[in-house]
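Here is the note on the model you sent round. Please read it with the structure open.

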Protein chains: 2
Amino acid sequence: MNIGQASSASGVSAKMIRYYESIGLISPPNRTESNYRVYGADEVHTLRFVKRARTLGFSVEETATLLGLWQDKSRASAEVKDIATAHIGALETKIAELQSMVKTLKHLAHCCSGDDRPNCPILDDLAGMPAKKGH
Amino acid sequence: MNIGQASSASGVSAKMIRYYESIGLISPPNRTESNYRVYGADEVHTLRFVKRARTLGFSVEETATLLGLWQDKSRASAEVKDIATAHIGALETKIAELQSMVKTLKHLAHCCSGDDRPNCPILDDLAGMPAKKGH
DNA sequence: ATAAGGCTTCCCATCATGGGAAGGTCAAGG
DNA sequence: CCTTGACCTTCCCATGATGGGAAGCCTTAT
């Protein structure tokens, strides 16, 4: 299997497969005589693992750790769970930040007439003007 | 006021002030004879505006547009509201993505005993193994 | 034999930010 | 007056994960 086929089979772009190899996330595959990378079912399985981890928001570094644990048949599941739990915490922190932005923006947008007139509470807020209460 | 003081007064790092100037987000300030940037209250006000917009998650490009509208005394507030509304939408999309990740991860973590044993539903999921129902 | 399409490596761009080096400037104190 | 330390200047590099694209080689089908 060439890199293009491994890409289709795993959902990881050829570009990223080479990148993951270059940073040591995955091992260099065998090559044909003409220097083409050759992948087998195992490599594709690994790529799918990586893809899934990335889809769940794990960084490449966390993914590397998870890959190592996956391949270590004697790992303690607690190690994996710790990584996942920390990641959940990070995601929730991020979500809270974004929600806080949304909350503020929704309030401002609600206060903005959104018509032809120039008066705009959104700009007023950005400019540091004290918001008018109620309406 | 030197850049360091403008930085403290606005909450924007000196590094970023120079960067914003280099990309044209803010205008180049006057310089002293010895080439030091000199800022006044207006510039600091603009920097605070930028800081606030960035804090609310607007990209630098969106911030540039908002700055332009702020300075255009005859803008229509609808233009501002449109940008804010689009941004709220983008944030909500992002939030939904993150929440989806959290939901999956919480389920997996819940299914993982997190002890010394190697058996781990989290890794099984990443490896593409069909999840066992119930628990 | 030729054309199309896939592969290789290498460089560059993104987005917003920080780090740090090398060198100029300013203010305070000995 | 001179030193010291804190500031300023520009310039280059790094981050994280990804894509774009060029130049050149290989393979496959016509």
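The points below cover the basis of the model, the domains, a helix pair, the two DNA strands and a backbone feature.

1. Basis. This is a predicted model, in which local features need pLDDT of at least 70, side-chain atom pairs count only at pLDDT 80 or more, and totals for chains, interfaces and linings use all residues. Residues are numbered from 1 along each chain as its sequence is written, chains are lettered from A and ligands numbered from 1 in the order in which they are written, and side-chain values use heavy atoms, with hydrogens and water left out.

2. Domains of chain A. The domain assignment splits chain A into domain 1 (1-75) and domain 2 (84-135); such bounds come from an automatic or database assignment. Taken over C-alpha atoms, the centres of domain 1 and domain 2 of chain A are 40 Å apart.

3. A helix pair in chain B. Helices (H or I, at least four residues) and strands (E, at least two) are DSSP runs, numbered from the N terminus. Helix α1 (residues 3-10) and helix α2 (residues 14-22) of chain B pack at about 100°, with 9 Å between their axes. The axes are lines fitted to C-alpha atoms, for helices over the stretch in contact, and angles run from 0 to 180 degrees between N-to-C directions. α1(B) and α2(B) are therefore roughly perpendicular (65 to 115 degrees; under 35 is roughly parallel, over 145 roughly antiparallel, the rest oblique). On the α1(B) side, I3(B), A6(B), S7(B) and S10(B) make the contact, and they meet A14(B), I17(B) and R18(B) of α2(B); contact means heavy atoms within 4.5 Å. By class, this contact has 4 nonpolar, 2 polar and 1 charged residues (Ala, Val, Leu, Ile, Met, Phe, Trp, Tyr, Cys and Pro count as nonpolar, Asp, Glu, Lys and Arg as charged, the others, Gly among them, as polar).

4. DNA strand D. Around DNA strand D there are 18 residues, the closest being K15(A), Y20(A), G4(B), R18(B) and R37(B); a residue is near a strand if one of its heavy atoms lies within 4 Å of it. Of the strand D atoms within 4 Å of the protein, 73% belong to sugar or phosphate, and the rest to bases. Polar contacts are pairs of N or O atoms within 3.5 Å; within protein, one must be able to donate a hydrogen and the other to accept it, and residues adjacent in sequence count only if both atoms are side-chain atoms. Phosphate oxygens of strand D lie 3.1 Å from a polar backbone atom of V60(A) and 2.9 Å from one of R37(B). The largest share of this surface, 4 residues, comes from α2(A).

5. DNA strand C. Which residues come nearest to DNA strand C? They are G4(A), Y36(A), K15(B), Y20(B) and S34(B), out of 18 around the strand. Here 69% of the strand C atoms within 4 Å of the protein belong to sugar or phosphate. A phosphate oxygen is 2.8 Å from a polar backbone atom of G4(A), and another contact puts a polar side-chain atom of Y20(B) 2.7 Å from a phosphate oxygen. A base nitrogen of strand C is 2.8 Å from a side-chain N or O atom of Y36(B). α2(B) gives the most to this surface, with 4 residues.

6. Backbone. Most residues other than glycine have a negative phi. N35(A) has a positive phi of about 75° and sits in the loop between β1 (30-31) and β2 (37-38) of chain A. In chain B, phi of N35(B) is near 75°, and N35(B) lies in the loop between β1 (30-31) and β2 (37-38) of that chain.
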